[in-house]
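Trainee: Could you take one part of this model and go through it closely? I would like the sheet that runs through the middle of your notes, strand by strand.

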Amino acid sequence: MNTLDFSIVAQSWPYLWSGLLFSLSLTAAAFAIGMILGTCLALVQHFDVPVLAKIVRSYVAIIRSIPLILVLFWFFFLMPIVLGHLSGNGRPVPIGASATAFTTFGLFEAAYYSEIIRVGLRAVNKGQFEACQALALSTYHTYRHIVLPQVLRVASPIILSQTIILFQDTSLVYVLSLTDLLGAASKLAQLNGRLVEMYLVVAVAYLIISSAASQCVASLRKRYAIATTR
Amino acid sequence: MPLDTAGNATPSGSIVVVENLVKRFGAFTALNDINLRVDKGETIVLCGPSGSGKSTLIRCINHIEQHDGGRIVVDGIELSNRMADINSVRCEVGMVFQSFNLFPHLTVAENCMLAPMKVRGISQFEARDRARLLLRKVRIADQADKYPAQLSGGQQQRVAIARALCMQPKIMLFDEPTSALDPEMVKEVLETMVELAKEGMTMVCVTHEMGFAREVADQVVFMDRGSIIEEADPETFFRAPRTERAKGFLNQIIH
Ligand SMILES: Nc1ncnc2c1ncn2[C@@H]1O[C@H](COP(=O)(O)OP(=O)(O)OP(=O)(O)O)[C@@H](O)[C@H]1O
Ligand SMILES: [Mg+2]
């Protein structure tokens with residue numbers, strides 16, 4: 001009978017750790033790119049910018065109807081060809097697996113964050129806009145100091161759950177032969193045959209990180225509770 | 001007659017001039033041929049039944065609503081669709097809303113400091129000083145670091161008054177500032193408004209508070225169905241309204 005033997009985990013810790021770091025940095029980068037770009041996409045739709053708003057709407061619709069793994073494939077295999085055509089000589093320009101992962105995740109998450117922010121923008125009370133008008137605040141200052149901060153505060157729980165999903169989705173980078181936490185664990189598991197231990201440890205790691213993130217936002221929300229209710 | 005910056009003759013002292021104002025919402029005419037002058041230092045009380053166009057009229061004065069006909073001249077600037085004109089008018093016109101409309105994510109002090117810094121371009125120091133001064137004036141200096149939701153309705157409305165005053169406007173517009181308040185808080189807000197009026201602020205107030213009107217109003221303007229029906233000093237208006245509609249309205253608010 002097999003008994004559980006976790007010593008294998010201790011031995012392979014550095015490898016798992018580097019996998020975890022990759023997952024976390026991909027999540028952080030995709031979050032940053034996704035939020036900044038997503039906010040822009042949401043504002044373009046909110047202001048109904050001619051032509052651009054239509055393009056953005058299609059972009060969001062397309063991204064949201066395609067599995068992330070497919071987008072990763074596309075980027076990895078099609079981007080070099082497209083770039084080759086653009087550069088003129090027709091030869092594919094290879095972009096590294098890491099670069100593909102970071103761009104794809106950033107662009108993909110932007111579509112999801114933009115939807116969250118777009119809905120949040122519509123929920124801001126009309127009176128807030130009128131108060132800004134009455135105070136002669138410009139559109140820029142109105143959105144920068146009044147509207148967007150309120151949207152981000154109200155939408156923070158949804159933004160967080162989307163980010164937790166993002167963190168879990170980073171495991172898809174295995175299709176690009178990149179090694180994240182889950183990837184590291186799978187490789188080790190196959191190497192030493194300790195599948196159960198490895199997958200248990202990884203599950204616990206995901207659980208701890210995701211629930212820590214939820215806790216963190218719960219406490220943030222408590223702190224902001226007074227500032228978001230009226 | 002002196003000329004204002006638009007080159008139009010205005011009687012000296014009039015800071016708001018509304019001439020033949022028309023405002024429509026689709027096919028519905030909310031304001032029909034309104035004429036109104038507000039002199040410097042004057043307090044005008046606007047009253048009338050619900051839906052008569054009181055809010056719409058004062059919202060046209062700072063261009064939160066865009067008028068469809070006639071002219072509005074505020075402090076020598078005629079309101080057109082030019083954003084520069086609209087903003088210079090809005091700088092001189094403070095507004096207080098029925099539902100306060102404070103910024104919930106900013107503290108009381110920050111609520112007061114934002115627009116003076118971003119619009120008037122004053123420093124944070126100066127803005128903080130000014131906010132402190134005006135919050136003391138409305139008697140909530142000790143609440144400066146709280147969030148709006150931590151204050152009572154009356155306190156919130158006084159913050160809203162301070163926030164508007166921090167822009168150092170020449171005119172203040174009030175749209176039913178006390179009608180969302182519990183009765184015991186109405187008094188504290190009215191006291192603040194009375195004080196302001198007595199200091200010489202030019203005010204246009206939509207309110208049904210007759211005590212307030214009696215104490216400080218120079219003129220009561222009665223509106224019905226988008227038109228001004230009656231204008232008189234408060235004593236005359238409340239004692240002997242000329243029109244049947246004003247009589248009916250007064251009977252209703254006295255119950
Ligand atoms: N945004 C709008 N769209 C369409 N109609 C409007 C709009 N705003 C106001 N109205 C209409 O214009 C008329 C005047 O409204 P207004 O709010 O100025 O009345 P009021 O005198 O302030 O009434 P109240 O005492 O209820 O505040 C009303 O019949 C109202 O339904
Ligand atoms: Mg009204």
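Mentor: First, a cut-off. Buried here means under 20% relative accessible area, computed with a 1.4 Å probe on the protein chains only. Keep in mind that this is a predicted model.

Start with strand E8 of chain B, residues 202-206. E8(B) is mostly covered, with 5 of its 5 residues buried. Look at where the side chains go. Thr202(B), Val204(B) and Val206(B) point one way. Met203(B) and Cys205(B) point the other way. The residues on both sides of E8(B) are buried.

Now place E8(B) in its sheet. The sheet is open and has 6 strands, in the order E6-E7-E8-E3-E9-E10 of chain B. Its pairing is mixed. At the edges stand strand E6 (93-96) and strand E10 (227-232) of chain B, and each of these pairs on one side only. Neighbouring strands are turned by 20° against each other on average, with direction ignored.

Which strands flank E8(B)? In the order of the sheet, E7 and E3 do. Take E7(B), residues 171-175, to begin with. E7(B) and E8(B) run parallel and are joined by 5 bridges. One pair to find on screen is Asp175(B), whose bridge partner in E8(B) is Val206(B). Recall that Val206(B) is among the buried residues of E8(B).

On the other flank is E3(B), residues 43-47. E3(B) and E8(B) also run parallel, and 4 bridges join them. Here, Ile44(B) has Val204(B) of E8(B) as its bridge partner. Val204(B) points the way that Thr202(B) and Val206(B) do.

Step across E3(B) to E9(B). This pair is parallel too, with 4 bridges between E3(B) and E9(B). Val45(B) has Val220(B) as its bridge partner in E9(B). So E3(B) offers you two markers: Ile44(B) is paired with Val204(B), and Val45(B) is paired with Val220(B).

E9(B) deserves the treatment we gave E8(B). Is E9(B) mostly covered or mostly exposed? E9(B) is mostly covered: 6 of its 6 residues are buried. Gln219(B), Val221(B) and Met223(B) point one way. Val220(B), Phe222(B) and Asp224(B) point the other way. Again, the residues on both sides are buried. Note that Gln219(B) and Asp224(B) are among them.

Next comes the edge. E9(B), residues 219-224, is joined to E10(B) by 5 bridges, and these two strands run antiparallel. Phe222(B) stands opposite Glu230(B) of E10(B). Asp224(B) stands opposite Ser227(B) of E10(B). Both Phe222(B) and Asp224(B) point the way that Val220(B) does. Between E9(B) and E10(B) lies a hairpin with 2 residues between the strands. In that hairpin, Arg225(B) takes a positive phi near 45°.

A helix comes in at this end of the description. Helix H9 of chain B, residues 244-254, packs on the sheet. H9(B) touches E3, E9 and E10 of chain B. Its direction makes about 100° with that of E9(B).

For contrast, look at the other sheet of chain B. That one is open as well, with 4 strands in the order E2-E1-E4-E5. The pairing there is antiparallel. Strand E2 (28-39) and strand E5 (77-78) stand at the edges, each with a single partner strand, so one side of each has no neighbour in the sheet. Inside, E1(B), residues 14-25, pairs with E4(B), residues 69-74, over 5 bridges. The pair E1(B) and E4(B) is antiparallel. To locate the pairing, find Glu19(B), whose bridge partner in E4(B) is Arg71(B).

To trace the six-strand sheet yourself, follow its order, E6-E7-E8-E3-E9-E10. Use Asp175(B) with Val206(B) as the marker between E7(B) and E8(B). Use Ile44(B) with Val204(B) for E3(B) and E8(B). Then take Val45(B) with Val220(B) for E3(B) and E9(B). Finish with Phe222(B) opposite Glu230(B) in E10(B).

Notes
Residues are numbered from 1 along each chain as its sequence is written. Chains are lettered from A and ligands numbered from 1 in the order in which they are written. This is a predicted model: local features need pLDDT of at least 70, side-chain atom pairs count only at pLDDT 80 or more; totals for chains, interfaces and linings use all residues. Side-chain values use heavy atoms; hydrogens and water are left out. Two strands pair if DSSP finds at least two bridges between them. Buried means under 20% relative accessible area, exposed over 50%, partly exposed in between (1.4 Å probe, protein chains only). Axes are lines fitted to C-alpha atoms, for helices over the stretch in contact, and angles run from 0 to 180 degrees between N-to-C directions. Contact means heavy atoms within 4.5 Å.
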